[in-house]
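Biologist: I should like to request a close look at a single part of this protein. Please begin with the term that the discussion requires, and then proceed to the surroundings of that part.

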Amino acid sequence: MSKYCYYTPISLAEEILKLIPRQDYRTIIDICCGTWNLLAAARKYYPESKYYGVDVDGRAQHNMFEGAQFFLNDGRKFSQDAVAAGKKFDLILSNPPFGRMNEDESYWRRQDENMPFSALISRRYESEMMLANILLAHDNSVLVFILPITFLIGESYEAARKQISEFFSILEIVELPVEAFAGNNLKTVAIVIKKRKKECLQTNYRIAKYKDGTWLFDSFKTIEIDGGNWEGKKLKGSAVLIKRGKIHSGELTGGNKKVMHCSSKFDGKCWKPSIRSTDCECGIYAERGDIIINRVGRGAGYWCVNKSDRVGVSDCLFVIKNPTEDVERRLLRNTKDGKLCVPVRGVSTRYITQKDICSLLE
């Protein structure tokens, strides 16, 4: 997992720890402890607490401070064993590895997918580690996560955000700059949540800046948490019907049905999706005049007007159904070199979202 690790600077960790509620944290843990910077920052404010670090890399033990305990273990396995033993923790800190796992590296997929917070079961390290951390929480625990910003805004995480908001109050969201982790051009967020039955619908959304050796957390706004929406935004462009295709690339193995698929080929004037085929039911189709938008990969953001008859659409594409002339004009005004001028998100695989498209249509 080491290639996916982004270690938290101690100065940033100390600033984040200032945001958590002041209460009695008797036990504090980090199951991906690495440099121990998050734990060391907590120790500055809570010197009497008991500290526990867990990591798959034995070298992490060299960073352990006096009085703490280290466990050489996969954090997911440690969490499962701790839950079985009835062990919970007061403060849970986590900057997990980010990135996609191979099938044989996934831990929770081998377990019961009906377990709590099952929407976090995926083939991404940060999702599985977040699940492992959440399972260590009791009814008054506070958790601090550092995650890719895609967790906050990505459509694929909406179900997970909704599950979490049913049982946790979202206390703080801090958008971190790309320079937060030296040498990595990665947009991340710090999220503070608290497990409690009383629902808290508002949270502070802050923007972090690093200036003259000091971290500044500007209070950006107070937002309302609405299920899986943690951005506090309502989409004015939501009246536009945007659909995502349903055919997975693994189903494009040949057949009698044509399917539009993603492509990164742009000839300087126009982009066209690639054409594949399948025998599966497509589910989503593009009609003549619909707008096709490349959703993922190097071609994310390319778009065109469909000039063919009814054709299936893969899950790598969006379709704007029955667009008006105004919709097409707005997209043209926000296009450069064939691509929509929207943020391209993702850690290992680049993608854009429906919200990004709607933002151009407001």
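Modeller: A residue is called buried when its relative accessible area is under 20%, exposed when that area is over 50%, and partly exposed in between. The model considered here is a predicted one. The relative accessibility of N37 is 19%, and therefore N37 counts as buried. This residue belongs to helix α2, which covers residues 37-45. With neighbours within four places in sequence left aside, the contacts of N37 are T8, P9, I10 and A13.

One of these contacts of N37, A13, leads to a further residue. A13 and W215 are separated by 202 residues in sequence, yet their C-alpha atoms are 10.0 Å apart in space. W215 is part of strand β9, residues 214-224. Its relative accessibility is 6%, so W215 is also buried. Beyond its neighbours within four places in sequence, W215 touches S11, L12, E15, P177, A180, A208, K209 and Y210. With S11 there is, in addition, a polar contact between the two side chains, at 3.2 Å.

The nonpolar interior may be considered next. The largest nonpolar core contains 43 residues, and I29, L120, I134, F151, I164 and W230 have the most contacts inside it. Helix α4, residues 125-134, supplies the largest share of this core, namely five residues. Separate from this core is another one, of 37 residues, which includes C33, A41, A68 and V142. To return to F151, the residues in contact with it, apart from neighbours within four places in sequence, are L120, M130, Y157, A160, R161, I164, I191 and W230.

Finally, the wider arrangement of the chain deserves attention. The protein chain is divided into domain 1 (10-224) and domain 2 (241-361). Their C-alpha centres lie 35 Å apart. Nine residues of domain 1 are in contact with nine residues of domain 2. The size of an interface is often expressed as the accessible area lost when the parts come together. Between domain 1 and domain 2 about 770 Å² is buried, and carbon and sulfur atoms account for 54% of it. Of the area that domain 1 buries against domain 2, 60% is supplied by T150, I153 and E155, more than by any other three residues. The number of salt bridges between domain 1 and domain 2 is zero. The count of residue pairs in polar contact across this interface, with both residues at pLDDT 80 or more, is likewise zero.

Note on methods. Residues numbered from 1 in each chain as written. Predicted model: local features only at pLDDT ≥ 70, side-chain atom pairs only at ≥ 80, totals over all residues. Heavy atoms only, no water. Core = buried A, V, L, I, M, F, W, Y, C linked by side-chain atoms within 4.5 Å. Buried < 20%, exposed > 50% of the residue type's maximum accessible area, 1.4 Å probe, protein only. Helix = DSSP H or I, 4+ residues; strand = E, 2+ residues; numbered from the N terminus. Contact = heavy atoms within 4.5 Å. Domains from an automatic or database assignment. Buried area = accessible area lost by both parts, 1.4 Å probe. Salt bridge = Lys/Arg side-chain N within 4 Å of Asp/Glu carboxyl O. Polar contact = N/O pair within 3.5 Å; in protein donor to acceptor, adjacent residues only side chain to side chain.
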